[in-house]
Amino acid sequence: MRQKQHAPRRHRQPSGSEPLAARSALGLRAALSGTALVLALVAMVFFAVVTDGPGTAVAAVICAVVALVALVDLGVIARRSRM
């Protein structure tokens with residue numbers, strides 16, 4: 001049996017305007033990270049100072065980690081927006 005040979009596929013050439021017309025979600029990402037930072041800091045203070053119970057220290061540490069991740073993400077966003 002003979003195998004059917006296919007012609008090579010032609011791909012559409014990019015127009016060259018993609019980087020100029022590209023849209024970035026850095027603004028939304030910055031807003032979400034800023035909101036997460038504020039909420040995590042408020043929750044961390046709440047769990048560390050206001051409440052008293054067996055799991056509050058763990059909850060405060062978890063909130064501190066979330067705040068740190070949000071702060072690092074804001075730094076990455078600031079660096080990428082300068083490029």
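Okay, let's start in the middle of things: the buried residues of H3 pack against H2. Buried here means under 20% relative accessible area, with exposed over 50% and partly exposed in between, using a 1.4 Å probe and protein chains only. Helices are DSSP runs of H or I with at least four residues, strands are runs of E with at least two, and both are numbered from the N terminus.

Before I go on, a word on the source: this is a predicted model, so local features need pLDDT of at least 70, side-chain atom pairs count only at pLDDT 80 or more, and totals for chains, interfaces and linings use all residues. Residues are numbered from 1 along each chain as its sequence is written, and side-chain values use heavy atoms, with hydrogens and water left out.

Now the overall picture. The protein chain has three helices and zero strands, so reading from the N terminus you get α-α-α. Of its 83 residues, 14% count as buried. The accessible surface comes to about 7,400 Å², and 65% of that belongs to carbon and sulfur atoms; the areas come from the Shrake-Rupley method with a 1.4 Å probe, and for residues only the protein chains shown count as cover. As for contacts, meaning heavy atoms within 4.5 Å, take those between residues at least 6 apart in sequence: 69% of them join residues at least 24 apart.

Let's look at the two helices I opened with. H2 covers residues 26–50, and at 1.5 Å a residue its 25 residues should span 36 Å; the end C-alpha atoms are 35 Å apart, which agrees. The expected span, by the way, is 1.5 Å times one less than the number of residues. H3 has 27 residues and reaches 39 Å from its first C-alpha to its last, close to the 39 Å expected.

Which residues of H2 are buried? They are Leu-26, Ser-33, Leu-37 and Ala-40, and they pack against helix H3, residues 56–82. On the H3 side, the buried residues are Thr-56, Ala-59, Ala-60, Cys-63, Ala-67, Ala-70, Asp-73 and Ile-77.

Ser-33 is a nice one to click on. This serine is buried, with a relative accessible area of 6%. Leaving aside neighbours within four places in sequence, Ser-33 is in contact with Ala-70, Asp-73, Leu-74 and Ile-77.

Keep Asp-73 on screen, please. Side chains of opposite charge can pair when their charged atoms come close. The rule I'm using for a salt bridge is a side-chain nitrogen of Lys or Arg within 4 Å of a carboxyl oxygen of Asp or Glu, and by that rule the count comes to one. The partners are Asp-73 and Arg-29, at 2.6 Å, N to O. Asp-73 lies in helix H3 and Arg-29 in helix H2, so the pair ties together parts that are 44 residues apart in sequence. Buried or partly exposed, then? Asp-73 counts as buried, at 18% relative accessibility, while Arg-29 counts as partly exposed, at 29%.

Next, the aromatics. Rings of Phe, Tyr and Trp (its six-membered ring) pair if their centres lie within 6.5 Å; planes under 30 degrees apart count as stacked, over 60 as edge-to-face and the rest as tilted. A search of the whole structure finds one aromatic pair. The rings of Phe-46 and Phe-47 have their centres 5.6 Å apart and their planes at 65 degrees, so this pair is edge-to-face. Both rings' residues are partly exposed: Phe-46 at 39% relative accessible area and Phe-47 at 27%.

Phe-46 also turns up in a nonpolar surface patch of about 390 Å², made with Val-45, Val-49 and Val-50. Patches take residues with over 30% relative accessible area and no salt bridge, joining like charges within 9 Å and nonpolar side chains (Val, Leu, Ile, Met, Phe, Trp, Tyr) within 5 Å. Val-45 sits in helix H2 and counts as partly exposed at 48% relative accessibility.

Last stop, Thr-56. This threonine lies in helix H3 and is buried, with a relative accessible area of 16%. Not counting residues up to four places away in sequence, Thr-56 touches Phe-47 and Thr-51. The C-alpha atoms of Thr-56 and Phe-46 are separated by 9.1 Å, and the two residues are 10 apart along the chain.
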